[in-house]
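Student: I would like a close look at one part of this chain, with its surroundings described afterwards. Please take it step by step.

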Amino acid sequence: MAYDYEQFKKAVFDLTKIDLNAYKEKQMKRRIDTLIAKNKITGYENYVAALKSDTARFEEFVNYLTINVSEFYRNVDQWQLLDKDVFPDLIKRYGNNLKIWSAACSTGDEPYSLVMALSRHLPLNQIKITATDLDKQVIAKAKVGLYGAKSIAGVPADLKKKYFTQIGPSYQISDEIKARVEFKEHNLLKDTYPTDYHLIVCRNVLIYFTEEAKDEVFRKFQKSLKSGGYLFIGSTEQIINHKDVGFERKNSFFYQKP
């Protein structure tokens, strides 16, 4: 008997350790069915066999699952709040050695934006960002640091001039910015969370998760933060039960651990 979607989810977890039960099923199943059709494969069982035998296809699948839409300074007004309110508060509380985590960092736009934004407050050599994603392909792209004009459109003009070099139609971010970011693989739904962070940034990722998975991730983020630390989320997200999870809401996108 051919696989049904439930069996497919189990097979995917065995292969990738990505738990599809944590994603909104209708949305994710539609995405996967589209990819299988694009590969001209019939049925989940045959597709799993193809993933096992073809490394390129396997990497395509993981990359497709880990929905990578990113850009520098996405939602500029929120970055202005980070610059005007959050960074000064954190530096006042904790000094210059801030511990910052960019979770589900995709192609590096977000952690590199954090370095540039923080460089307005601190010398570059005092900035260190930990950036994680479960997709090693996007981490590899992030380490290269080459972006299209659309990706960097939101970068303030002075920082764009200072830290990017145009190469043909693309833009290369400078080595001095890249040196401030450490990239690691991490699965938000499976791996142990690091601790003692002053700021965690995780934006426009959890919208694809079920409410139960979101709740679990927010609780883990809360434990990962120091008291007084902030969680910065995306413009399409909010933590409805922020008090139950252990956060105070500072505004629509910033939540603080008391």
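Which residues make the nonpolar surface patch of about 260 Å²?

Tutor: In this predicted model, the patch is made by Val144, Leu146 and Ile167. Of these, Leu146 is found in strand β3, which covers residues 146-148, and with a relative accessibility of 41% Leu146 counts as partly exposed, because that class lies between the 20% limit for buried and the 50% limit for exposed.

The patch belongs to a chain with eleven helices and ten strands, whose radius of gyration of 19 Å is close to the 18 Å that the globule rule gives for 258 residues, so the chain is as compact as a globular protein of that length. The chain exposes about 12,600 Å², of which carbon and sulfur atoms supply 49%, while buried residues make up 49% of the 258 residues.

For a contrast with the surface, consider the aromatic rings. The structure holds 18 aromatic pairs, and one of them, formed by Trp101 and Tyr197, is tilted, with 5.8 Å from centre to centre and 45° between the planes. This pair links distant parts of the chain, since Trp101 lies in strand β1 and Tyr197 in strand β7, 96 residues apart, and both Trp101 and Tyr197 are buried. The rings of Phe232 and Phe254 have centres 4.3 Å apart and planes at 20°, so that pair is stacked; it links strand β8, which holds Phe232, to strand β10, which holds Phe254. Phe232 counts as buried at 0% relative accessibility, and Phe254 is buried with a relative accessible area of 1%.

Key: Residues numbered from 1 in each chain as written. Predicted model: local features only at pLDDT ≥ 70, side-chain atom pairs only at ≥ 80, totals over all residues. Heavy atoms only, no water. Patch = residues over 30% accessible without salt bridge, like charges linked within 9 Å, V, L, I, M, F, W, Y side chains within 5 Å. Areas by Shrake-Rupley, 256 points an atom, 1.4 Å probe, with all protein chains shown as cover. Salt bridge = Lys/Arg side-chain N within 4 Å of Asp/Glu carboxyl O. Helix = DSSP H or I, 4+ residues; strand = E, 2+ residues; numbered from the N terminus. Buried < 20%, exposed > 50% of the residue type's maximum accessible area, 1.4 Å probe, protein only. Rg over C-alpha atoms; globule rule 2.2 N^0.38 Å. Phe/Tyr/Trp six-rings, centres within 6.5 Å; stacked < 30°, edge-to-face > 60°.
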